[in-house]
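Trainee: I'm new to this one, so could you pick a single part and walk me through it slowly? I'd like to see how the pieces around it fit together.

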Amino acid sequence: MSERQSVDKGQDRELSRHLAHDIDETVQQSALYAVEQLVAFAHKKGLIGLQDTDYSRNLLLEQFGFSEPYSGGEAGGIIAPEALQPVLNVLIDYGFAIGLIPENTDTYRDLLDSKIMGQLMARPSEVIRDFHQTEAERGIEAATDAFYQLSIDSNYIRMDRVASNVYWNQTTPYGDMEITINLSKPEKSPKEIAMAKLLPPPVYPKCQLCRENVGYAGRVNHPSRQNLRIIPVELNREPWFFQYSPYVYYNEHCIVFHHDHVPMKLTKDTLRRLLAFTKAFPHYFIGSNADLPIVGGSILTHDHFQGGRHTFPIEKADVDGVYHNEAFPQVTAGIVNWPMSVIRFTSTDPDALLEAGNAAFEAWKGYSDPSVDVLSHTELEGETIPHNTVTPIVRRDSEGRYQMDLVLRNNRTSEEYPEGIFHPHREMHHIKKENIGLIEVMGLAILPGRLKDELDGIADILCGDDELAVAMQQEGHPLFKHADWIYQLNTRFGRLSDKETAVRNVQNEVGLKFSEILEHAGVYKRNPSGQQAFGRFMKQLGYTLGE
């Protein structure tokens with residue numbers, strides 16, 4: 001730390017102490033009591049040891065400008081709270097009052113939230129040591145169970161926000177899918193968005209997946225990660241890291257990312273790494289987003305995978321038939337009954353599975369079938385542009401066999417479909433227009449948070465809210481983009497008598513639209529011509545349909 005930074009921090013502490021003098025003593029005592037509750041919570045949950053309690057208390061006292069602890073009774077008599085967030089909110093409110101954060105917004109509150117919890121955690125090396133000790137004594141499942149709980153107890157995973165997500169199961173022609181409206185990721189205020197645009201491009205950390213995020217204080221355009229901990233893992237004799245997602249979209253949603261800030265690139269080594277992970281973590285699936293724009297994920301600049309302990313709808317889907325290939329006698333293959341185009345390879349031998357999967361991947365990268373709009377490459381100003389790639393998913397089945405799903409992707413655009421031929425078409429954009437990534441490929445919809453209020457308003461219109469029905473016809477109204485759909489719903493259902501029925505009908509229609517969106521993203525459509533074309537590709541790979 002520079003001398004100037006030391007002076008600035010000292011001035012900030014003095015300012016906080018000065019402002020604290022003007023705050024009612026009752027409020028100060030509430031903040032001090034919250035400090036004791038947090039220390040008790042951290043000890044109870046195993047975030048800190050008994051010998052760390054005085055140390056952690058003193059860190060928090062200094063952070064909030066206090067020179068003495070709570071005086072309302074013996075600290076040892078403090079009972080750890082059952083819920084963490086209400087206690088944190090007391091301290092964050094106090095922090096705003098004494099100037100620790102400039103504005104009382106979610107962004108700044110989260111920066112202080114992480115800083116508080118970072119004071120109540122073991123150092124990264126200690127967390128890593130505990131993980132490996134648990135793995136050695138009780139197995140990998142016990143180790144991930146404990147690490148996941150640590151990520152929740154430290155408030156890195158904000159379960160209070162995850163609980164606010166809207167979730168329902170949806171019956172479709174392909175089985176039940178899972179639909180969520182994501183409300184767990186906080187939205188920035190217009191002022192914060194404007195401020196972020198004025199900041200220079202990030203240099204450190206380079207992205208939100210870099211290992212340097214561990215302990216990082218954050219800023220208005222980068223989340224704080226002082227309560228983040230990561231576990232080193234070796235994949236294909238290379239250094240990678242394992243952590244959990246702060247916005248868990250499913251059970252034990254984890255991220256596995258490269259030691260270095262290197263771009264995503266799908267190769268045979270990618271498939272080898274996925275198989276190596278499922279060998280070390282047999283209770284988890286793992287997959288990768290595709291590595292091309294439009295069909296890829298949101299972060300293509302840092303090589304990473306997503307995994308977790310969840311059975312997705314795609315895993316429950318049957319294959320239409322079993323294919324065999326003399327070149328890979330230990331492997332069976334099948335076309336999955338799914339709206340997207342998926343080949344499922346299964347084997348007890350991960351090495352044989354790797355060779356079969358990679359052979360299909362390499363063949364697909366150069367395969368074209370103009371009859372179904374599949375072109376592997378196009379020319380643009382003398383440059384050859386690749387369009388074919390895959391979304392790979394690897395898991396162990398109930399019998400311990402290795403399974404690899406290769407979801408065939410193509411990112412070509414056309415005059416009719418400028419956003420992507422195999423991308424949600426424009427008639428679906430009022431529901432979702434973002435890329436279809438790994439999680440949604442597997443049948444779990446991550447729909448934008450705006451839909452919560454919009455769908456509620458549509459349900460009101462179906463129940464006879466004529467005033468809203470008139471207002472939404474004005475361009476710029478949140479429901480204006482749904483106008484054609486609302487007309488269709490009104491025609492189909494008429495005026496409904498109760499809100500619960502209306503909500504259920506609207507959700508059902510959204511779920512069916514998600515199934516259609518996946519059909520749009522499917523390279524080979526689930527119709528006779530599409531499946532015949534899929535069969536031609538399987539034949540090209542050397543597979544024949546058997547018993």
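Mentor: Happy to. Let's start with two side chains: those of Q306 and H253 are joined by a polar contact of 2.8 Å. Bear in mind as we go that this is a predicted model.

So where does Q306 sit? Its home is strand β7, which covers residues 304–308. Is Q306 buried or exposed? Its relative accessible area is 12%, and the cut-off for buried is under 20%, so Q306 counts as buried. Now look at what surrounds it. Setting aside neighbours within four places in sequence, Q306 is in contact with Y250, H253 and C254, then with F285, I286, G287 and N289, and also with L438 and I439. H253, the polar partner we began with, is in that list.

C254 is a good stepping stone, as it belongs to the strand next door. Strand β5 takes in residues 254–258, and it pairs with β7 in the antiparallel sense over four bridges. One of the bridge partnerships involves our residue: I255 has Q306 as its partner in β7.

Stay with β5 for a moment. How many of its five residues are buried? Five of the five are, so the strand is mostly covered. In a regular strand, side chains alternate between the two faces of the sheet. Here C254, V256 and H258 lie on one side, I255 and F257 lie on the other, and all of them are buried, so both faces of β5 are covered.

β5 has another pairing too. Strand β4, residues 238–244, joins it in the antiparallel sense over five bridges. To find that pairing on screen, look for F241, which stands opposite F257 in β5.

With that picture in place, let's visit another sheet for a contrast in layout. Three strands make an open sheet in the order β1-β2-β15, with mixed pairing. The edges are β1 (166–172) and β15 (444–447), each of which pairs on one side only. On average, neighbouring strands in this sheet are turned by 25° against each other, ignoring direction. Strand β2, residues 175–181, runs parallel to β15, and four bridges join the two; one partnership to look for is I179 with A445 in β15. Helix α17 (residues 499–521) packs on this sheet and touches β1, β2 and β15, with its direction at about 65° to that of β1.

One more buried residue is worth a stop: L408, in strand β14 (residues 402–410). Its relative accessible area is 2%, so L408 is buried as well. Beyond its neighbours within four places in sequence, L408 is in contact with S341, I343, W364, T389, V390, V523, Y524, F534 and F537. Take Y524 from that list: L408 and Y524 are 116 residues apart along the chain, while their C-alpha atoms are separated by 8.7 Å.

Finally, a pair of helices. The axes of α2 (residues 25–44) and α3 (residues 53–63) come within 10 Å and cross at roughly 145°, and the crossing is right-handed. On the α2 side you'll find L32, V35, E36, V39 and H43, which meet T53, R57, L60 and L61 of α3. Sorted by type, the residues of this contact are five nonpolar, two polar and two charged.

If you go back to the start now, Q306 in β7 and its bridge partner I255 should be easy to pick out.

Key:
Residues numbered from 1 in each chain as written. Predicted model: local features only at pLDDT ≥ 70, side-chain atom pairs only at ≥ 80, totals over all residues. Heavy atoms only, no water. Axes fitted to C-alpha atoms, helices over the stretch in contact; angles between N-to-C directions. Left-handed = near helix turned anticlockwise from the far one by under 90°. Contact = heavy atoms within 4.5 Å. Nonpolar A, V, L, I, M, F, W, Y, C, P; charged D, E, K, R; others polar. Pairing = 2+ DSSP bridges. Buried < 20%, exposed > 50% of the residue type's maximum accessible area, 1.4 Å probe, protein only. Polar contact = N/O pair within 3.5 Å; in protein donor to acceptor, adjacent residues only side chain to side chain.
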